[in-house]
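Me: I would like to learn how to read pockets and buried residues in a model of this kind. Could we work through one case together, slowly?

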Amino acid sequence: MAVLSGAAVPLLLLGVLGGVGAVLKPHVLLQAEFYQRSEGPNKAWAQFGFHFDADELFHVELDAAQTVWRLPEFGRFASFEAQGALQNMAVGKQNLEVMISNSNRSQQDFVTPELALFPAEAVSLEEPNVLICYADKFWPPVATMEWRRNGAVVSEGVYDSVYYGRPDLLFRKFSYLPFVPQRGDVYSCAVRHWGAEGPVQRMWEPEVPEPPSESSATLWCAVGLAVGIAGIAAGTALILRAVRRNAANRQPGLL
């Protein structure tokens, strides 16, 4: 059994007005946090962070009591004391126990994630790229994502995002795998979630044109040679015609 306590509170709303008749464009800064635990093994999960327009600004590594900025440049212009997140988690834990008691230990139905797998850039063989595995619309925020290349587990270079909240109170998450496309390689991303009996999986392989066969290359070479010879012959004929025409024009007229 799993229960969840959390908050996604709008803290700031800005309007950008570009002139007469311009449409108001809202921006939202969210403090997003949750605390949850499993009724089986005594295991708990928690997360605290700030998001701006659905993009992460930072999250707090709770075990290390450390603020981790999504981009290092963000930390040059702002700061956040990780101790504040730890205090919020302590309050969330207490609130969770109260909610468990008041709800007679009932739980919300699980929602299985939807999964998509795609490259970050247009694919070219031997050119470094990044595969993105995107899990969306799931609850609760407990999902394990695994990469495989040609059936073998891949972990080197993998980066997993934090959980991102959605307006419908479901969650989403990203996993990134740097790779170099090779012909014949097959990649897969699988996510394990409490809402699914087995892993939800997607497959991907580079879609690049096959190289021409040796017979095709020979045929095109012969075609090119024939076209070249025909072009030379046509050019020679035009030159001879022009020479004859010039010679005829130079003949003296009758007296």
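Me: Where does the second largest pocket lie with respect to domain 1 (29-103) and domain 2 (114-204)?

Reply: Bear in mind that this is a predicted model. A pocket is placed by asking which parts of the chain supply its lining residues, and here domain 1 (29-103) and domain 2 (114-204) both contribute, so the second largest pocket lies between them.

Me: Which strands each supply at least two residues of that lining, and which residues lie nearest the centre of the pocket?

Reply: Strand 3 (44-52) and strand 4 (55-61) each give at least two residues to the lining of the second largest pocket. Of the 15 residues lining this pocket, A46, Q47, V60, E61 and L62 lie nearest its centre. The space inside comes to about 390 Å³, and by class the lining holds 8 nonpolar, 3 polar and 4 charged residues.

Me: Turning to a single residue, is D136 buried or exposed?

Reply: Burial is read from relative accessibility, with buried meaning under 20%; D136 has 10% and therefore counts as buried. For the chain as a whole, buried residues make up 29% of the 255 residues.

Me: What surrounds D136, and in which strand does D136 lie?

Reply: D136 belongs to strand 7 (residues 129-138), in a chain that has 2 helices and 14 strands. Its side chain makes a polar contact with the side chain of Y134, at 3.5 Å. Leaving aside residues up to four places away in sequence, D136 touches P113, E114, R166, F171 and R172.

Methods. Residues are numbered from 1 along each chain as its sequence is written. This is a predicted model: local features need pLDDT of at least 70, side-chain atom pairs count only at pLDDT 80 or more; totals for chains, interfaces and linings use all residues. Side-chain values use heavy atoms; hydrogens and water are left out. Helices (H or I, at least four residues) and strands (E, at least two) are DSSP runs, numbered from the N terminus. Buried means under 20% relative accessible area, exposed over 50%, partly exposed in between (1.4 Å probe, protein chains only). A polar contact is a pair of N or O atoms within 3.5 Å; within protein, one must be able to donate a hydrogen and the other to accept it, and residues adjacent in sequence count only if both atoms are side-chain atoms. Contact means heavy atoms within 4.5 Å. On a 1 Å grid over the protein atoms alone, a cavity is a set of points where a 1.4 Å probe fits but cannot get out, and a pocket is an open set with protein on both sides within 12 Å along at least five of seven lines; lining residues have an atom within 4 Å of a point. Grid points are joined across faces, edges and corners, and a volume is the space filled by probe spheres set on the points. Ala, Val, Leu, Ile, Met, Phe, Trp, Tyr, Cys and Pro count as nonpolar, Asp, Glu, Lys and Arg as charged, and the others, Gly among them, as polar. Domain bounds come from an automatic or database domain assignment.
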